[in-house]
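Here is a short note for a colleague who is beginning to read protein structures. Please keep the chain in view while going through the points.

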Amino acid sequence: MLGRTYDREVCSSARALEVAGERWSLLLLRNAAFAGVTRFGDFQQRLGVAPNILSARLEHFVDEGLMSVAVGASGHSEYHLTPKGLDFKPVIDR
């Protein structure tokens, strides 16, 4: 099994894998980038991902600067891609 870090690799591909190489990650980014999904429940409904996994992935994306989180008009948290997160668009082009 591959590890989560690629310390011996000094390139953008290795870094991208460290940030978004886990299961569900690219699908979350795809839904945010191309379907305009922003709310936790909508990600969960579209992908069928377990809540604990979804929460961990979204938190990781916020920590890594790929997404920002804010309270929307409905009072629910909304996750939006940052410019760094949008850099993944060409990789996950539908």
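The points below go from the whole chain to its helix contacts and then to its nonpolar core.

1. It should be said at the outset that this is a predicted model, and the remarks below are to be read in that light. The chain holds five helices and two strands, and from the N terminus on these elements follow the order α-α-α-α-β-β-α.

2. Of the 94 residues in the chain, 30% are buried. If one takes the contacts between residues at least 6 apart in sequence, 42% of them join residues that are at least 24 apart.

3. The first helix pair to look at is α2, which spans residues 25–34, and α3, which spans residues 40–47; their axes lie 11 Å apart and the helices pack at an angle of about 115 degrees. The crossing in which α2 passes α3 is right-handed. On the α2 side the contact involves L27, L28, R30, N31 and A32, and these meet F43, R46 and L47 of α3. Sorted by class, this contact of α2 with α3 contains five nonpolar residues, one polar residue and two charged residues.

4. The second pair is α3 with α4, whose axes come within 11 Å and cross at roughly 125 degrees. How are these two helices oriented to each other? An angle from over 115 to 145 degrees falls outside the perpendicular and antiparallel ranges, and α3 and α4 are therefore oblique to each other. Their crossing is right-handed. The residues that make the contact are F40, F43 and Q44 from α3, together with P51, L54, S55 and L58 from α4. By class, the contact of α3 with α4 has five nonpolar and two polar residues, but no charged residues.

5. In soluble globular proteins, nonpolar side chains tend to be buried together. In this model the largest nonpolar core has 17 residues, and among these L29, F43 and M67 touch the most other members. Two or more residues of this core are given by each of α2, α3, α4 (51–64) and β2 (77–81), and the largest share, four residues, comes from α2.

6. Which residues does M67 contact, once its neighbours within four places in sequence are left aside? They are A32, F43, L58, F61, V62, Y79, H80, L81 and T82. F43 deserves a second look as well, since F43 appears in the contact of α2 with α3, in the contact made by α3 and α4, and in the list of residues that M67 touches.

Methods. Residues are numbered from 1 along each chain as its sequence is written. This is a predicted model: local features need pLDDT of at least 70, side-chain atom pairs count only at pLDDT 80 or more; totals for chains, interfaces and linings use all residues. Side-chain values use heavy atoms; hydrogens and water are left out. Axes are lines fitted to C-alpha atoms, for helices over the stretch in contact, and angles run from 0 to 180 degrees between N-to-C directions. A crossing is left-handed if the near helix is turned anticlockwise from the far one by less than a right angle, and right-handed if clockwise. Contact means heavy atoms within 4.5 Å. Ala, Val, Leu, Ile, Met, Phe, Trp, Tyr, Cys and Pro count as nonpolar, Asp, Glu, Lys and Arg as charged, and the others, Gly among them, as polar. A nonpolar core is a set of buried Ala, Val, Leu, Ile, Met, Phe, Trp, Tyr and Cys residues joined through side-chain atoms within 4.5 Å. Buried means under 20% relative accessible area, exposed over 50%, partly exposed in between (1.4 Å probe, protein chains only). Angles under 35 degrees count as roughly parallel, over 145 as roughly antiparallel, 65 to 115 as roughly perpendicular and the rest as oblique.
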